[in-house]
Amino acid sequence: MNFGIVGGGLAGLTAAYELGKEGHKVSVFEKEAELGGQAATFMVAGERLEVFYHHIFASDVDIISLINELGLGEKLMWLDSRVGFFHQGKIYDFVTPIDLMRFSPIGLVDRLRLGLISLYLRWYKNWPKMEGTTAKEWLLRYGGRRNYEVVWGPLLKNKFGASSDEVSMVWFWGKIHLRFTSRQQGKERLGYMSGSFGTLVDALKERIIDCGGQIHTSSPVSTIIVEEGKAIGLRVGEQTYPFDAIIATVPSPAFLDMVPQLPAGYAQKLERVRYQMAVCLVLILKRPLSHIYWLNVSDPSIPFVVVIEHTNFVDPSIYDGKRIIYISNYVSKDSPLGSLDADELLIEYMPHLRKINPEFDPACIEERYLFREEAGQPIITTHYSSRVPDHRTPISHLYLANTTQIYPEDRGMNYSVRLGRKTAKMVSSGSAMFP
Ligand SMILES: Cc1cc2nc3c(=O)[nH]c(=O)nc-3n(C[C@H](O)[C@H](O)[C@H](O)COP(=O)(O)OP(=O)(O)OC[C@H]3O[C@@H](n4cnc5c(N)ncnc54)[C@H](O)[C@@H]3O)c2cc1C
């Protein structure tokens, strides 16, 4: 059989790899010049670096098994991570129970409550019971107002901005439940690949080609060709490519544009899930900003929500001793921050970097880059299970595998690998019945 895959991120590449292994002919179409999607990389000091910060958790079994299957197990490093909280001018370490006990912005009783709730969510499994409750309602009820205002509220605002009050408790449960699997004996260890996650993308590309597959980059698909309710091919520019079946791994708005024939019920499901845009300013510095890898910013006067200092996680010697920080925001499409260029954003952020480190000197900035992703984070609202679109679309021989279909876990590379594997299996077993 001959299959077309739209999108060269981890979901699309994994699906193509799985189908190629089974002896099918596959062609991947990626609109950008490089593969990798949200996990794409660029060069810093002669090394590859993700355009958006990336690590994996110990619970990310699908991507770990893929890395091992591709013979890259030795490249996967488990490194200590330092998480911190910036609140009222001070950085607090925030990983171990002792850190929590020392977290003075909240009183002792609230600290105990915070710890007990985190433990409870770590072991709690019956997430469907939380489907009708927003994270805000649940956390205020069980954690109290102070914990919500200082810790959890800012974390939710960080990701979902003005939509944070609508976010389902299931999303929050998934975050805490999975994150804690990476914490043991008072430490958090996170996974990163030597040479970046681009190493995984390269290996997938190589295997797809070894199996006879084709990869077309700089090839935006404009149309999925549908005849008599069946997908029969793709259009890229002036060219058409016939296929027996198609898997699309693009965000829902792009998919809707490609297939205007989608029946109203399915199309409405796609339209109803909104995304937050990820806006990430990457600074290459001569000196470190702080000692923390993942710094949550709990300060409404600061216009960014997390600072990820990659070189407090991965050894800076890899990048010629340069220090790398990502200043991250998730905003709605109409937010003014979404349209600023790198220099404008830097001017906006600079005074606030000095709040984190008063000795921070703009002269230590060597390079700056700005990356945006419109479909950075699907907004997971209550009763989300009823909103998830099926992988089998109502158009025969057409499948969808995108991040809005990841649930109850939060989207991440692991789950895109899982989506790729799952839809490849569906297409491959479905193909036995194709006319
Ligand atoms: C700021 C940020 C930080 C993140 N951090 C982490 C992390 O630490 N750990 C983790 O596991 N995950 C992280 N993620 C999430 C992770 O990167 C994604 O969940 C995963 O890479 C998504 O893969 P995908 O293949 O499903 O989608 P995508 O990567 O979005 O791939 C879809 C592809 O389709 C292409 N495309 C779109 N339209 C067309 C078209 N018309 N024709 C052809 N191609 C098209 C796109 O260019 C893209 O390459 C992060 C994401 C962001 C935004």
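**Close-up views of a predicted model**

**View A. D320 sits in the loop between β17 and β18.** Everything in these panels comes from a predicted model. Look at the backbone of D320 here: its phi is near 60 degrees, a positive value in a residue other than glycine. Is D320 buried or exposed? With a relative accessible area of 63%, D320 is exposed. The two strands flanking this loop, β17 and β18, turn up again in the mixed sheet of View C.

**View B. H397 is another non-glycine residue with a positive phi, this one about 70 degrees.** You'll find H397 in the loop between β19 and β20. Here the relative accessible area is 10%, so H397 counts as buried.

**View C. Seven strands make up an open sheet with mixed pairing.** Going across the sheet, the order is β7-β6-β16-β17-β18-β15-β19. Which strands sit at the edges? They are β7, covering residues 90–93, and β19, covering 365–378, and each of these pairs on one side only. On average, and ignoring direction, neighbouring strands in this sheet are turned by 20 degrees against each other. Helix α6, made of residues 145–160, packs on the sheet and touches β6, β15, β16, β17, β18 and β19. The direction of α6 makes about 110 degrees with that of β6.

**View D. Zooming in on β6 and β7, we get a hairpin with 2 residues between the strands.** Strand β6 takes in residues 83–87 and runs antiparallel to β7, with 4 bridges joining the pair. If you'd like one partnership to pick out, try F86, whose bridge partner in β7 is I91. How does the backbone look at Q88 in this hairpin? Q88 takes a positive phi near 45 degrees. As a reminder of what holds such pairs together, strands of a sheet pair through backbone hydrogen bonds, either parallel or antiparallel.

**View E. A375 belongs to strand β19.** The relative accessibility of A375 is 6%, so this residue counts as buried. Who are its contacts once residues up to four places away in sequence are left out? A375 touches Q38, P251, Y275 and Q276. F255 is worth a look as well: it is 120 residues from A375 in sequence, yet the two lie 12 Å apart in space, C-alpha to C-alpha.

**View F. The second largest pocket holds about 420 Å³ of space.** Its lining is made by 24 residues. Those nearest the pocket centre are P154, K157, N158, P300 and V305. Two elements, α6 and β18, give two or more residues to this lining. Which element gives the most? That's α6, with 7 residues. This is the helix from View C, where α6 packs on the mixed sheet.

**View G. The other sheet shown here has 5 strands and is open, with parallel pairing.** Read across, its strands come in the order β10-β2-β1-β14-β20. The edges are β10, residues 214–216, and β20, each pairing on one side only. The average turn between neighbouring strands of this sheet is 15 degrees, direction ignored. At the β20 edge, strand β14 (residues 245–248) pairs with β20 in the parallel sense over 3 bridges. One residue to pick out is I247, whose bridge partner in β20 is Y399.

**View H. A cis peptide bond runs from Y407 to P408.** Omega for this bond is near 10 degrees. Where does P408 lie? P408 is in the loop between β20 and α12, a helix spanning 413–431.

**View I. How many disulfides does a search of the whole structure find?** The search comes back with 0. For orientation, a disulfide is a covalent bond between the sulfur atoms of two cysteines. Take C280 as an example: its closest cysteine sulfur, in C364, is 18 Å away, and that's too far for a bond. A pair would need its sulfurs within 2.5 Å to count. C280 is also buried, because its relative accessibility is 1%. C211, in contrast, has 35% relative accessibility, so C211 is partly exposed.

Notes
Residues are numbered from 1 along each chain as its sequence is written. This is a predicted model: local features need pLDDT of at least 70, side-chain atom pairs count only at pLDDT 80 or more; totals for chains, interfaces and linings use all residues. Side-chain values use heavy atoms; hydrogens and water are left out. Buried means under 20% relative accessible area, exposed over 50%, partly exposed in between (1.4 Å probe, protein chains only). Two strands pair if DSSP finds at least two bridges between them. Axes are lines fitted to C-alpha atoms, for helices over the stretch in contact, and angles run from 0 to 180 degrees between N-to-C directions. Contact means heavy atoms within 4.5 Å. On a 1 Å grid over the protein atoms alone, a cavity is a set of points where a 1.4 Å probe fits but cannot get out, and a pocket is an open set with protein on both sides within 12 Å along at least five of seven lines; lining residues have an atom within 4 Å of a point. Grid points are joined across faces, edges and corners, and a volume is the space filled by probe spheres set on the points.
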